[in-house]
Amino acid sequence: MTQCCSLDQAVEQVLARLPAHIHMGLPLGLGKPNAFVNALYARVRQLPERQLTIYTALSLGRPPLGDGLQRRFLEPFVERVFADYEELDYLADLRNDSLPGNIRVEQFFLQPGSLLHSEIAQQDYVSSNYTHAARDINAKGLNLIAQLVAATPERPDHLSLACNPDITLDLLPMIARRRAAGETILLLGQVHTELPYMPAGAELGREAFDLLIDEPERRRLFCTPNMPVTTQDHCIGLHASALVRDGGTLQIGIGAMGDAVTAALLARQGDNAGYRALLDALDLTPWQGLIEREGGRDAFAQGLYGCSEMFVNGLLVLAEAGVVRRPADEDGALVHGGFFLGPEAFYRRLREMPLEQRDRFVMTAISYINELYGQESLKRRQRRDARFINTAFGMTLLGAGVADQLEDGRVLSGVGGQYNFVAQAHALEGGRSLLLLRSWRESGGEVTSNLFWNYGHCTIPRHLRDIVVTEYGIADLRGQTDSEVIARLLAISDSRFQQPLMEQAKAAGKLPKGFTLATRFTDNTPERLEAIRERHARLFPEYPLGCDFTAEERDLLRALNWLKSKFKLSEVLALGKAALDAPAPEAYPAQLARMGLAQPQGLKEELYQRLLLAGLAATRR
């Protein structure tokens with residue numbers, strides 16, 4: 001029987017009805033009831049005789065403000081965008097390595113890069129495929145599930161798991177069996193007024209909940225603002241878009257590279273002549289046969305079906321543009337997703353959408369999305385010509401992908417569902433996995449290759465290598481010999497690093513001593529791509545899916561990213577010269593005012609102003 005109660009009463013009920021050790025499962029990402037979690041956390045930390053273990057993933061927090069110019073930029077932006085979002089208290093303690101001794105937090109996916117320096121978070125990370133998370137959490141003795149839900153007057157007897165049916169739906173039959181054996185396991189929900197009500201697969205009857213907090217949460221949902229898409233990312237997206245087959249299936253992820261793929265697909269549909277001209281400028285001749293077999297350049301006559309663990313803003317934009325419009329089956333679903341997270345405008349568009357239209361975006365169990373087993377014949381029929389598009393931050397020349405963990409063992413994010421989708425691409429007839437990779441990166445003035453001869457860890461083993469896409473082209477690795485894999489990856493690497501990589505491969509005996517790259521691939525330079533961007537500027541939008549930054553903030557963000565990429569001790573003189581050569585403050589009055597540097601006070605602020613002016617001048621558009 002469902003008990004409606006206040007937040008404090010819910011905490012008391014949990015403490016009274018569960019054993020000394022509370023094993024609480026929380027949805028990954030958006031669906032955590034932060035106020036309840038904080039209240040329970042505060043109580044248990046004062047009760048040394050009790051224990052609390054939290055099982056979750058992607059604990060979301062505001063970005064750290066940092067110091068100096070970064071803080072001046074972020075502080076007003078964070079206050080505006082995140083407003084009264086309630087932070088998770090345990091996340092702050094994780095970051096500081098100060099969790100109470102009777103509380104643990106086990107996560108199978110971390111907010112990317114946010115907990116690299118937390119020893120506790122690194123030690124209690126669980127490396128698990130997304131589809132195995134429910135099994136593993138249940139095996140730990142889960143006895144409490146706490147989740148945000150959505151309500152609507154149109155469905156008064158139901159609640160929606162909304163943004164997070166992914167693991168909860170997989171857990172429900174498991175805990176039903178344990179309840180039948182006499183165990184006490186509680187399901188707690190709290191309505192959030194801004195959470196879109198997703199019908200169909202995400203709905204549960206109100207009676208499914210043991211505890212419902214009767215005061216809806218009204219504070220801001222966590223959102224992920226759209227970040228700028230660089231020339232490098234746009235070129236990656238353009239290459240990938242030519243491998244998507246009309247009438248097929250699409251999976252994409254969050255972030256700038258996912259946005260770049262979306263932008264390219266929008267151009268392919270809405271500006272096909274311009275899109276084709278841009279592909280010609282990029283010169284896709286070496287991969288023309290692959291594109292004809294696996295993808296295409298034409299606008300979409302049949303449209304696509306979306307099947308993605310994360311229902312991202314890009315998929316909604318593609319549906320609104322008529323690109324995602326092929327129903328999966330008789331039920332009319334255009335997208336099947338396991339969870340969602342995105343910018344505030346994404347949530348708003350879903351909330352404002354008529355319920356019958358929302359019904360076509362089916363949120364469901366992660367086991368349905370990320371695996372073929374279970375209803376396999378149906379899934380194979382729906383997921384024809386699937387293109388599972390994910391990102392990596394590194395790739396070995398033998399085709400192993402690196403996406404979750406650094407070489408020293410520290411976890412950057414997690415495996416999540418990436419392995420699931422790569423394996424699924426190999427299992428599906430017509431399916432392909434595309435790993436998107438920036439071929440190089442720059443930090444502190446040092447430029448390094450993201451293609452290596454070897455690396456001390458991999459996320460995707462090389463026996464599952466398939467298609468790799470960089471800003472310089474496409475490498476089809478499936479079924480190829482090691483020497484051919486190396487040659488194809490060298491062809492899409494940055495020319496600054498090709499020679500040393502080639503020498504390493506030859507030294508290992510994996511590439512013929514007389515091997516040389518074709519001339520076509522020896523001009524893989526950012527300068528060539530920037531020249532193409534200047535000629536086709538309208539197809540390189542900086543924020544293709546909308547923007548939460550003001551015009552001044554967009555200028556500032558470019559300048560700050562430039563400073564971050566260039567600033568290191570060995571380049572102080574060059575940076576000092578740039579600061580001396582910077583334009584007068586009158587050139588950027590609004591940007592300086594936004595940073596509180598219109599009238600600098602003291603030497604430090606004068607230096608900040610000159611550095612900022614140098615960055616603004618260097619990145620002016």
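Is D97 buried, partly exposed or exposed? I looked this up first and found that D97 is partly exposed, because its relative accessible area is 30%, where buried means under 20%, exposed over 50% and partly exposed in between, with a 1.4 Å probe and protein chains only.

Note on the model: it is predicted, so I keep in mind that local features need pLDDT of at least 70 and side-chain atom pairs pLDDT 80 or more, while totals for chains, interfaces and linings use all residues. Residues are numbered from 1 along each chain as its sequence is written, and side-chain values use heavy atoms, leaving out hydrogens and water.

I then checked the backbone of D97, which has a positive phi of about 55° although it is not a glycine. Most residues other than glycine have a negative phi. I placed D97 in the loop between α4 (89–95) and β4 (103–107), helices (H or I, at least four residues) and strands (E, at least two) being DSSP runs numbered from the N terminus.

I found a positive phi, near 65°, for D283 as well; D283 lies in the loop between α10 (272–282) and α11 (288–294) and is partly exposed, with a relative accessible area of 26%.

I turned next to N34, which is found in helix α2 (residues 34–45) and counts as buried because its relative accessibility is 9%. The side chains of N34 and Y85 are joined by a polar contact of 3.1 Å, meaning a pair of N or O atoms within 3.5 Å, of which, within protein, one must be able to donate a hydrogen and the other to accept it, and residues adjacent in sequence count only if both atoms are side-chain atoms.
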